[in-house]
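Let us work through this structure by question and answer, starting from a single loop residue and moving out to the whole chain.

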Amino acid sequence: MNFGSDNWAGVAPQIAQSLTKHSQGYAAPYGTSDLDKALEARFNDLFEREVAVYFVGTGTAANSLALSSQNKPGGVVMCHRDAHIFNDECGAPEFYTGGARLAPIDGKLGKFTPKALDYELSRFQPDFIHHGQPMGVSITQATEWGTCYQLDEIEALADVAHAHDLPLHMDGARFANALVNFDVSPAEMTWKNGVDILSFGGTKNGCWCAEAVVFFNPEKARELPFMRKRAGHLFSKTRFIAAQFHAYLDDDLWLELARNANVMAQQLAEGISLSSGAELAWGCESNEVFAVMPSDKIEQLQKAGAHFYEWNTPHSLDLGISDKRRLIRLVSNYSTSKDEVINFLKLVN
């Protein structure tokens, strides 16, 4: 019963097979192989337009390079105060940009509103050099709290960002989970509603080590090849990232994997909401479930072999957390089984 993180999960068999298949023979290095070029064309088809795509090894690198590409002197990126780039990337965006800052915005359960964004941006006066200057807006889909921005919410945030002449970046570490939650196309989730740059994640959804930075206007990505090389993420054998993504996209495997994770999370959430031993903290919209449990129940579950993490309470949300009641996070993944969910819920009750 491992609900610690989707990072704990292994590699989907189809992706492992693709890695084995492409591990033999010779191929041109540094993203110039036929396999790499074919995958770039597949991303064009996936997003229904010409894109510029750059493969990297980690989500942190994808986010940091995406933001670095928009850097300005005294640059500031607007993001949610609970965003991964703000709390969990060890200052990598600031490091990659050479000192740009992240300006946190409050908002319920990982999402901020267009009104809040516009207010924060209005505080930066163009002629007041001491505050620096906004260089971009970043949102997370799905968020750190497992919630998802609706398409109209994305569009509204994009409108505010573009009104301030700023690009909108989407951290899509769990992009597939958000996509199957809404049953929309990748294009609808991104550029058709104003997203300019996407960090496209595969690692949390069954890949071994596969992330990408996608620019929906290739002209805006001219410097990215040099930045990726300088950052140490131009792998010589990029075909092994390409091999993962080829299998990932074949026959919509990536959506199938994410769908299993989401369904298992929904079953967890439904079971917890009906249980006598826990309370669902809020609704489940992806593959993350948050619950409030008595401390002794948490210890009982852990002793029985259930793995999950205790979690900090979201800002501005009172869940009645104390020494006797704590918040936990449960994360399902592509390989989570129904038996794991059933066994966990039996222990909860």
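Q: Between which two elements does the loop that holds Leu109 lie?
A: In this predicted model, Leu109 is placed in a loop rather than in a helix or strand. The C-alpha atoms of Leu109 and Gly99, which are 10 residues apart along the chain, are separated by 28 Å. The loop that holds Leu109 runs between β3 (101-105) and α6 (114-122).

Q: Is Leu109 buried or exposed?
A: Leaving aside neighbours within four places in sequence, Leu109 is in contact with Thr143, Trp145, Thr147, Trp282, Pro314 and Leu317. Its relative accessibility is 14%, and the cut-off for burial is under 20%. Leu109 therefore counts as buried.

Q: Which two residues does a cis peptide bond join?
A: Most peptide bonds are trans. Here, however, there is a bond with an omega of about 0°, which is cis, and one of its partners, Ala142, lies in the loop between β4 (133-140) and α7 (151-163). The residues joined by this cis bond are Gln141 and Ala142.

Q: Is Asp165 buried or exposed?
A: Asp165 lies in the loop between α7 and β5 (168-172), and it has a positive phi of about 60° although it is not a glycine. Its relative accessible area is 65%, and the cut-off for exposure is over 50%. Asp165 is therefore exposed.

Q: What is the phi of Glu48?
A: Glu48 is located in the loop between α2 (34-47) and β1 (52-56), where, at 44% relative accessibility, it counts as partly exposed. Most residues other than glycine have a negative phi. Glu48 is not a glycine, yet its phi is positive, at about 65°.

Q: Which helix gives the largest share of the largest nonpolar core?
A: The largest nonpolar core has 59 residues, and those with the most contacts inside it are Phe43, Phe47, Phe200, Tyr248 and Trp254. The largest share of this core amounts to 7 residues, and it comes from helix α11 (residues 239-249).

Q: How many residues does the second, separate core have?
A: In soluble globular proteins, nonpolar side chains tend to be buried together. Apart from the largest core, there is a second one that includes Ala265, Leu268, Ala306 and Leu330. The size of this second core is 21 residues.

Q: What is the radius of gyration of the protein?
A: The protein has 14 helices and 11 strands. For 349 residues the globule rule gives 20 Å, and the model's value is close to this, so the protein is as compact as a globular protein of that length. Its radius of gyration is 20 Å.

Definitions and conventions
Residues numbered from 1 in each chain as written. Predicted model: local features only at pLDDT ≥ 70, side-chain atom pairs only at ≥ 80, totals over all residues. Heavy atoms only, no water. Helix = DSSP H or I, 4+ residues; strand = E, 2+ residues; numbered from the N terminus. Rg over C-alpha atoms; globule rule 2.2 N^0.38 Å. Core = buried A, V, L, I, M, F, W, Y, C linked by side-chain atoms within 4.5 Å. Buried < 20%, exposed > 50% of the residue type's maximum accessible area, 1.4 Å probe, protein only. Contact = heavy atoms within 4.5 Å.
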